[in-house]
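I opened the model today to look up a few things about its helices, rings and loops. These are my notes.

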Amino acid sequence: MDIFETYAEGYAKRAQEEMSLQEYLQGCRSDPMFYASAAERMVAAIGEPELIDTSQDPRLGRIFQNRTIKRYPAFSDFYGMEDTIERIVGYFRYAAQGLEERKQILYLLGPVGGGKSTLAEKLKRLMEEYPVYVLKAGDQVSPIFESPLGLFDPERHGELLEEK
């Protein structure tokens, strides 16, 4: 593959696509990522962790006090930040469940050179893994990137939407 084919393939993946409301609702039937919240998309992009028993490795056992740690494939480049990454992933898991974290803002605090901006860049790239479906009227995209499901009243149409 040459550079132009690679660029064209990447561009086609990121190109905006328009669909009718009916096409969107049909897509929601087969793929839950159509109506996933930002936190749910982030949890899906992060993936499932691999469990590492540090008691089996003398070097890791000294570092992690023989605990079983979780290492996420999405954060395989980050060494020594397992606890911090686990807290960040926990934040997104709780937010995806609709708990209090969904209303909160994630702050990355720490010393200079602690990897905060690198973590933030990785989180931004992970957020772009799955597409976002938003309302569009004519040439105007919703300024708050509102989901098409926001058109329906949850009390009147919620049960029917879940059923269909």
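**Entry 1: terms and ground rules.** I take axes as lines fitted to C-alpha atoms, for helices over the stretch in contact, and angles run from 0 to 180 degrees between N-to-C directions. Helices (H or I, at least four residues) and strands (E, at least two) are DSSP runs, numbered from the N terminus. The model is predicted, and local features need pLDDT of at least 70, side-chain atom pairs count only at pLDDT 80 or more, while totals for chains, interfaces and linings use all residues. Residues are numbered from 1 along each chain as its sequence is written, and side-chain values use heavy atoms, with hydrogens and water left out.

**Entry 2: α3 and α6.** How do the axes of α3 and α6 cross? I found that they come within 9 Å and cross at roughly 100°. This makes α3 roughly perpendicular to α6 (angles under 35 degrees count as roughly parallel, over 145 as roughly antiparallel, 65 to 115 as roughly perpendicular and the rest as oblique). Contact means heavy atoms within 4.5 Å. On the α3 side, the contact is made by A38, R41, M42, A45 and I46. On the α6 side, L123, L126 and M127 take part.

**Entry 3: α3 and α5.** I then looked at helix α3 (residues 38-46) against helix α5 (residues 82-96). They pack at an angle of about 135°, with their axes 8 Å apart. The two helices are therefore oblique to each other. I noted that the crossing of α3 and α5 is left-handed (the near helix is turned anticlockwise from the far one by less than a right angle; clockwise would be right-handed). From α3, the residues in contact are A39, E40, M42, V43 and I46. From α5, they are V89, F92, R93, A95 and A96.

**Entry 4: what is buried in α3.** Which residues of α3 are buried? I listed A39, R41, M42, V43, A45 and I46 (buried means under 20% relative accessible area, exposed over 50%, partly exposed in between, with a 1.4 Å probe and protein chains only). Their cover includes α5 and α6 (116-127). After α3 comes G47, whose phi is positive, near 85°.

**Entry 5: the sides of α2.** In helix α2 (residues 21-30), I found Y24, G27 and C28 buried. They are on the same side of α2, because they cover an arc of only 105° around the axis (the arc is that of the directions from the helix axis to the C-beta atoms). An α-helix has 3.6 residues a turn, so residues three or four places apart point the same way. The face of α2 turned away from the buried side carries Q22, R29 and S30, which are exposed.

**Entry 6: aromatic rings.** A pair of aromatic rings is described by the distance of the centres and the angle of the planes. Rings of Phe, Tyr and Trp (its six-membered ring) pair if their centres lie within 6.5 Å; planes under 30 degrees apart count as stacked, over 60 as edge-to-face and the rest as tilted. By this rule I count five aromatic pairs. The rings of F75 and F78 have centres 5.7 Å apart and planes at 65°, so I wrote this pair down as edge-to-face. F75 is buried at 3% relative accessible area, and F78 is buried at 11%. Y91 and F92 also form an edge-to-face pair, at 5.3 Å centre to centre and 80° between the planes. Y91 is buried at 14%, and F92 is buried at 11%. Ring pairs also link Y24, F34 and Y133 into a cluster.

**Entry 7: F75 up close.** Where is F75 found? I placed F75 in the loop between β2 and α5. Leaving aside neighbours within four places in sequence, F75 is in contact with I46, I85, V89, L119, K122, L123 and L126. The C-alpha atoms of F75 and D139 are 64 residues apart along the chain and 38 Å apart in space.

**Entry 8: L51.** Is L51 buried or exposed? At 60% relative accessibility, L51 counts as exposed. L51 is in strand β1 (residues 50-53). Not counting residues up to four places away in sequence, L51 touches T68, I69 and K70.

**Entry 9: the loop after α4.** I checked the loop between α4 (58-64) and β2 (68-71), where Q65 sits. Q65 has a positive phi of about 55° although it is not a glycine. Q65 is exposed, at 61% relative accessible area. N66 lies in the loop between α4 and β2 as well. Phi of N66 is near 60°, again positive in a residue other than glycine. At 47% relative accessibility, N66 counts as partly exposed.
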